[in-house]
Amino acid sequence: MERRIRVLVAKPGLDGHDRGAKVIARALRDAGMEVIYTGLRQTPEMIVNAALQEDVQVIGLSILSGAHNAIVPRIMNLLHERDMSDVLVLVGGIIPDRDAAELKQLGVSAVFQPGASLESIVSFINENVRFEEMQVSE
Amino acid sequence: MKTAAGIPKSFTTLSGLPIAPLYTPADLPPDLPPPPGEFPYTRGIHPNMYRGRLWTMRQFSGFGTPEETNERYRYLLSQGQTGLSVAFDLPTLMGYDADHPASQGEAGKCGVSICSLEDMEILFRGIPLGRITVSMTINSPAPILYAMYIAAAEQQGASPAQLSGTLQNDILKEYIAQKEFIYPPLPSMRLVTDVIEYSTRHTPRFHPVSISGYHIREAGSTAVQELAFTLRDGVEYVEWALKRGLAIDEFAPRLSFFFNAHNDFFEEIAKYRAARTLWARIMRGRFHARDERSWKLRFHAQTAGCSLTWQQPENNIVRTTLQALAAVIGGAQSLHTNSLDEAYALPSERAVTLALRTQQIIAYESGIANEPDPFGGSYFLENLTAQMEEAAQQYMDRIDEMGGMIAAIDRGFPQSEIADASYRYQHSIETGERIAAGVNAFQDDSNAQIEILRMNETSANLQTEKLRRLRTRRDNGSVETGLRALRSGASAQENTMPYILDAVRAYATLGEICDALRDVFGIYQERSVL
């Protein structure tokens, strides 16, 4: 049986503009993935805990406020500390090119800037998710 | 270069209202609207519109520290801008001081950081608050920023009665769309009403609430939803103010509105016309207002941020021009034009100047301002206006049946209507059914060569240091007394404004005052509607 990809769509920081996060969450669900949406104002700790509990392969972070340089490194550190570095982290939002390159250095798999198509996000996830050996044999 | 797929199969407005192949006299509504200045003001609230007075050119602006934003304001005023509009940063909007852990990475980013009266004094240094009108985009903490504004003006020698300007103070659209809320709906509505009541008595020239569809539209609603939810929010505020014991004609003339100016040129003009018509009828029919000033819907418009693209950013100048044109033809009292670089960052000085010049060219070169409602009587536009009215009225009736806007929000009704509309919109872009130039058609590989404003990363530290000094310098005893009095006033159902003013004058910080109210009111957590 084919396993469904599980994605945590998360909205860190103080910003409340959730249009993008919600549209992405629906699109991923329509593409056959299981989507957990955290809701607003999640701290890095809350996001990483949710990812662990929900056993997701992907975390999608929506950040429009310019706070990505403060937020993303904290999430990447927490994932590393908890041995969750295999989780694919995607960041979407208003991320200047210069910052996008730095986020990738930290281990972010992809950065989707404004105008990115839903299809490009879905394909990226499909092509890059790897299930752990143990789980595949379930 | 990729070109567009061709001609669409069905012809609708951006919101999906059907458009006939041709409109003829048979499509006109039975009664054509009366001239501008006459009830129900479909064609405008003034008989001569912009011949009497141009709209206020008011660019929303704020970033970094109050010192930096003060410089930008003085620059904008020197360039012919006629009013100010304050953009606050996220910590301020959410009621946190710059040194709060939740503010990390956010202070001064999306707007200016204001933590205390001291910051408000700096923000308006050298700007005479007795003469300049200021609009403040602040909602949950609106009473506190309003108090800081009054106190800062007093220090300049301007009395509260002289103050003119606008406080957004529209909490309902926060639950519906923008999601910058602190307290639950009922105590939040009480705070909104406190401000309306206080303003009616003490700052009679000030607009205590700007009932906003802008954010509803930016969250992905249709034009009809923007119109309906906004007017229905207005009904809710009126009902609360009446319950408070105010007479309708005491406060209704100072209610103001804020709408989006989106891409569909005629639909937007129809929306503004329908808004005026519906509001006039609501005020006279439902609330029995007698003063004609209570019937007139005055509005600020801002071009659609969500229509701006990252790809080929210069195209945004053209989008903004068309949107601004619709707002002016639609009879706006005040306008913000977005800058071409806003899909990247807060606007650079050069970009914001160009956006202001766009308004000046419309005002002084295009001839548009010569004639009120120039499309009045158009078969198409009159028909579309009537369609918008009817569709919005149906939504408002449904919300009435649910028991009002707060009940509708509790059920997630407007939230899910907007989420559905925004998903449909995105889907139409994805399939190419709708064209966005440079995004899903007419792409090219040329990289944008535009100058981007980089935020000064030191704002948070500067603000934190200023707070530290303030906390040692001020009389902490009177801060404590003020906050204690506020807690008990808030618990006792008294108007909180006098208590908030006392606390502000003692230099209690925004975060401290919001915390005192959090103690009494609790905080709101939404159930997310996907």
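Student: Which residue just after α19(B) takes a positive phi?

Tutor: In this predicted model, the residue is Tyr507(B), whose phi is about 65° and which comes just after α19(B).

Student: What makes helix α19 (residues 497–505) of chain B count as largely enclosed by the rest of the structure?

Tutor: A residue is called buried when 20 or more other C-beta atoms lie within 10 Å of its own. In α19(B), 7 of the 9 residues are buried, and therefore the helix is described as largely enclosed by the rest of the structure. The buried ones are Met497(B), Tyr499(B), Ile500(B), Leu501(B), Asp502(B), Ala503(B) and Val504(B).

Student: Which helices do the buried residues of α19(B) pack against?

Tutor: They pack against α3 (117–123), α4 (142–155), α6 (185–202), α18 (476–491) and α20 (510–521), which belong to chain B as well.

Student: Why are α8(B) and α14(B) called oblique to each other?

Tutor: Helix α8 (residues 223–243) and helix α14 (residues 379–402) of chain B pack at an angle of about 50°, and their axes are 8 Å apart. Angles under 35 degrees count as roughly parallel, over 145 as roughly antiparallel and 65 to 115 as roughly perpendicular, while the rest count as oblique. An angle of about 50° falls in none of the named ranges, and the two helices are therefore oblique to each other.

Student: What is the hand of the crossing in which α8(B) passes α14(B), and which residues make the contact?

Tutor: The crossing is right-handed. From α8(B) the contact is made by Val224(B), Gln225(B), Leu227(B), Ala228(B), Leu231(B) and Arg232(B), and from α14(B) by Met388(B), Ala391(B), Ala392(B), Tyr395(B), Met396(B) and Ile399(B). Sorted by kind, the residues of this contact divide into 10 nonpolar, 1 polar and 1 charged.

Student: Why is Glu38(B) called partly exposed?

Tutor: Glu38(B) has 15 C-beta neighbours inside 10 Å, and since a residue needs 20 or more to be buried and 12 or fewer to be exposed, Glu38(B) counts as partly exposed. Its place in the chain is in the segment before β1 (56–61) of chain B. From C-alpha to C-alpha, Glu38(B) and Cys110(B) are 41 Å apart in space, and in sequence they are 72 residues apart.

Student: Why does Glu250(B) count as partly exposed?

Tutor: The reasoning runs along similar lines. Glu250(B), which lies in helix α9 (residues 248–251) of chain B, has 18 C-beta neighbours inside 10 Å and so counts as partly exposed, given that 20 or more would be needed for a buried residue. Glu250(B) and Glu197(B) are 53 residues apart in sequence, and their C-alpha atoms are 9.5 Å apart in space.

Student: How do you know which strands of the chain A sheet are edge strands?

Tutor: The sheet is an open one of 5 strands in the order β2-β1-β3-β4-β5, with parallel pairing. The edge strands are β2 (34–37) and β5 (110–112) of chain A, as each of them pairs on one side only. From one strand to the next, the twist averages 20°.

Student: How many bridges support the pairing of β1(A) and β2(A)?

Tutor: Strand β1 (residues 6–10) of chain A pairs with β2(A) over 4 bridges in the parallel sense, and Val7(A) stands opposite Val35(A) of β2(A). A pairing requires at least two bridges, and therefore the 4 bridges meet the requirement.

Student: What makes β3(A) largely enclosed?

Tutor: In β3(A), 6 of the 6 residues are buried, so the strand is largely enclosed by the rest of the structure. Val58(A), Gly60(A) and Ser62(A) point one way, whereas Ile59(A), Leu61(A) and Ile63(A) point the other way, and all are buried. The strand runs parallel to β1(A), joined by 4 bridges, with Gly60(A) as the bridge partner of Val9(A). It also runs parallel to β4(A), joined by 6 bridges, with Gly93(A) as the bridge partner of Ile63(A).

Student: Which helix lies across β1, β2, β3 (58–63) and β4 (88–93) of chain A?

Tutor: Helix α1 (residues 19–30) of chain A does, running at about 160° to β2(A). Helix α2 (residues 44–54) of chain A lies across β1, β2 and β3 of chain A and runs at about 160° to β1(A).

Key
Residues numbered from 1 in each chain as written. Chains lettered and ligands numbered in written order. Predicted model: local features only at pLDDT ≥ 70, side-chain atom pairs only at ≥ 80, totals over all residues. Axes fitted to C-alpha atoms, helices over the stretch in contact; angles between N-to-C directions. Contact = placed C-beta atoms within 7 Å. Left-handed = near helix turned anticlockwise from the far one by under 90°. Nonpolar A, V, L, I, M, F, W, Y, C, P; charged D, E, K, R; others polar.
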